[in-house]
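Hello,

Here is the structure I promised to hand over. My notes on it follow below.

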Amino acid sequence: MTGSTTSGAAVADVHPAWLPDRAFAGIGGLRVAVIGDGDVVQTVRDEVERATARFGGALLHAAEGADLVLVAAAQAPGQLAPESFDVALDEDVVVVRAADGPALLYGLHHVVRHTAARDLAAAVGRTGFLGVHAPAEPIRMLDHWDNLTVHPVMGQVERGYSGDSIFWLDGRLRDDLGRVEEYARLLGSMAINRVAVNNVNVHAVEAHLLTDGLDDVATLAAAFRRHGIRTHLSVSFAAPMTVGGLATSDPLDDDVRAWWTRAAAAVWARIPDFGGFVVKADSEGQPGPFAYGRDHADGANLLARAVAPHGGTVFWRAFVYNHTQDWRDRSTDRARAAYDHFAPLDGRFDDNVVLQVKYGPMDFQTREPVSPVVAAMPRTRLAVELQVTQEYTGQQKHVCWLGPQWSELLGFRPWGAGTTVADVAGGHGPGGRAAGLVAVSNVGTDEFWTGHPLAQANLYAFGRLAWDPTLPATDVLDEWVDLTFGADDDVRDALHDVMDESWHTYEDYTAPLGVGFMVRPGHHYGPDVDGYEYTPWGTYHFADRDGIGVDRTRATGTGYTGQYPEPWRDVYERLETCPDELLLFFHHVPWTHVLHRGVSVAQHVYDTHFRGVDAVDAMAERWATMQGRVPDPFFDRVAQRLTEQQRGAREWRDQLNTYVLRKSGVPDAHGRRIH
Ligand code: GCV
């Protein structure tokens, strides 16, 4: 790693995340043959060369005399699906045969992961090492909400908690792309295959990337290409007007169609493997087809037909809801919006449209039910969108290991049995339409990439679960620890102690029982129980002296439960079967309502908020034992953030408990201090 970024931090000072040189020690000592052609195969060769230069062994160009053979594409016999590889033992030689260049890179990192804590012979004996390895999700994509300039309210990276954009500075591409190279390397190692490099909220400056900024985009695409990653742009639906000078963006207008056709042709002429466009339309002020009385299939297909001749994909977001509602109007339910808008359009989207659906019906809350859209559109390619950046889960000031949340979501069975959410996204649902997973990235110019160093694990987990959603989160954390710190049992144990339960702990001391939000409007950090209650964005808890929660039943509420298939439509409808953790998402209940776990709603709030603070204190104490066991800068940064987490958890505890006591008058059964 060389060079320096324009923000002043030398790339050499940037944390290597899960790819320190040491992680390659296991392959470094070997004679490794790399066979094949192309950019990504060359990347594999470079990695092996670097490892053998550091740890001994040798890079070979033919299989003879090798301990490990990595062979790509034309040279690999047999039928391997794209991006797949096969690991076999031939006498004493480990042979990785890959379908293509990216698959060879994934095969290399498969070996690196398995040898980070043991030697190759021991790795061969482990379950899951030999055999065919193929991605469960064809699309494994990271979206960056990066602006080209610093936005007056949102900063440069919208909902970014890790410094500025690693791509853009003062309206154009950074001069020094050392960070981008390192980032692409990290992403390639966990098989991410697509990135979008600008914010879905497309402002005037970013809108011009599509036309005047193509040289910059092409430069980024070249860096990502070497790691098997295709580049995408977020575009504005109004681009024909704002960039093209037309009088309309009507999707059925011939001039508009011609404009998009020309724009797409120019992009692919410059970047032949460009991936496509991401579009946020009719959402939170972004322009869209509704302005012309058209629907979202009209809008998406307009762009899809422009990019189809080039093999491009349009990622069309389903995050469409009324953000100018009146809190007095009890009939408008934000949770219903995506299904109401999109389910009727099933079957109308072109094959190269991927409908990008947030995992829940709201907005990346700590706890939400799975979006009913996932089960409602068998004739549409659906990608499920996760949020690696921790907008609502502690903003990378709090430890919140999201692997367990994603495992639970991806393993959820929308029809009660059989097919999972991950299956639907991967094309194994009822309609068999394959897409994948998309997530909002959490990196920036911060020396640890992610502000909170432990948030690196969330980025890593997204890639690993997109490859195999059935991987236990705890195994993914083991991989991350072993690669990052070397195989050290004490460090591994400590990180499990600090991280394993951190999502549940965060849930404990923040908004209870699935009710969501209760955050400070605008920046969304810290408690504000009534912050959104009377705003146009939506009303989330309806608390009064008698009770709390949103009645989304068919019997007496907004009818949202009816958007689910059996069994969930009834499980959620009935108080007797609704899971505790989602109770207030689906029901308005008295403060004295007794949960399945045997205490009242009010008492649950007190118990979990006291418990949450105790758990954070225990995390901080446990982390303190790691001083001297992990590098000092890493230790110090985590320790500082834990201090803020301790403060923040107390603030949440005290505000929530006080609010509930004052509203409900229900005393704490254990007589603890509430203000
Ligand atoms: C990019 C939430 C965030 C917005 C974000 C939006 C989205 O509302 O608060 O910052 O905008 O989601 O996903 O489009």
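Asn201 has a side-chain N or O atom 3.2 Å from an oxygen atom of the ligand. Arg317 does the same at 2.7 Å, again from a side-chain N or O atom to a ligand oxygen. For Asp363, a polar side-chain atom lies 2.9 Å from an oxygen atom of the ligand. The protein covers 97% of the 340 Å² of accessible area that the ligand has on its own. Accessible areas come from the Shrake-Rupley method with a 1.4 Å probe, and for residues only the protein chains shown count as cover. A polar contact here is a pair of N or O atoms within 3.5 Å; within protein, one must be able to donate a hydrogen and the other to accept it, and residues adjacent in sequence count only if both atoms are side-chain atoms.

Before the rest, the ground rules. This is a predicted model, where local features need pLDDT of at least 70 and side-chain atom pairs count only at pLDDT 80 or more, while totals for chains, interfaces and linings use all residues. Residues are numbered from 1 along each chain as its sequence is written, and side-chain values use heavy atoms, with hydrogens and water left out.

Back to the ligand. There are 14 residues around it (a heavy atom within 4 Å). Glu158, Lys280, Arg317, Lys358 and Glu391 come nearest. By class, the shell holds eight charged residues (Asp, Glu, Lys, Arg), three nonpolar ones (Ala, Val, Leu, Ile, Met, Phe, Trp, Tyr, Cys, Pro) and three polar ones (the others, Gly among them).

Two backbone phi values deserve a look. Most residues other than glycine have a negative phi, and most peptide bonds are trans. Phe364 has a positive phi of about 55 degrees and is not a glycine. Phe364 sits in the loop between strand S16 (353-358) and strand S17 (381-387). Helices (H or I, at least four residues) and strands (E, at least two) are DSSP runs, numbered from the N terminus. Phe364 is buried, at a relative accessible area of 2%. Buried means under 20% relative accessible area, exposed over 50%, and partly exposed in between (1.4 Å probe, protein chains only).

Phe542 also has a positive phi, near 55 degrees. Phe542 lies in the loop between helix H17 (502-509) and S19. Its relative accessibility is 18%, so Phe542 counts as buried.

There is a cis peptide bond too. It runs from Glu566 to Pro567, with omega near 0 degrees. Pro567 is in the loop between strand S19 (547-548) and helix H18 (568-573).

Next, His587. Is His587 buried or exposed? His587 is buried, with a relative accessible area of 6%. His587 is placed in the loop between helix H19 (583-586) and strand S20 (589-590). A polar atom of the His587 side chain lies 3.5 Å from the backbone oxygen of Glu573.

Last, two helix residues. Arg611 is in helix H20 (residues 601-624). Arg611 counts as partly exposed because its relative accessibility is 45%. Its C-alpha atom is 9.3 Å from that of Arg653, 42 residues away along the chain. Lys663 belongs to helix H21 (residues 632-664). Lys663 is partly exposed, at 27% relative accessibility. The C-alpha atoms of Lys663 and Asp546 are 7.7 Å apart, with their positions 117 residues apart along the chain.

Best wishes
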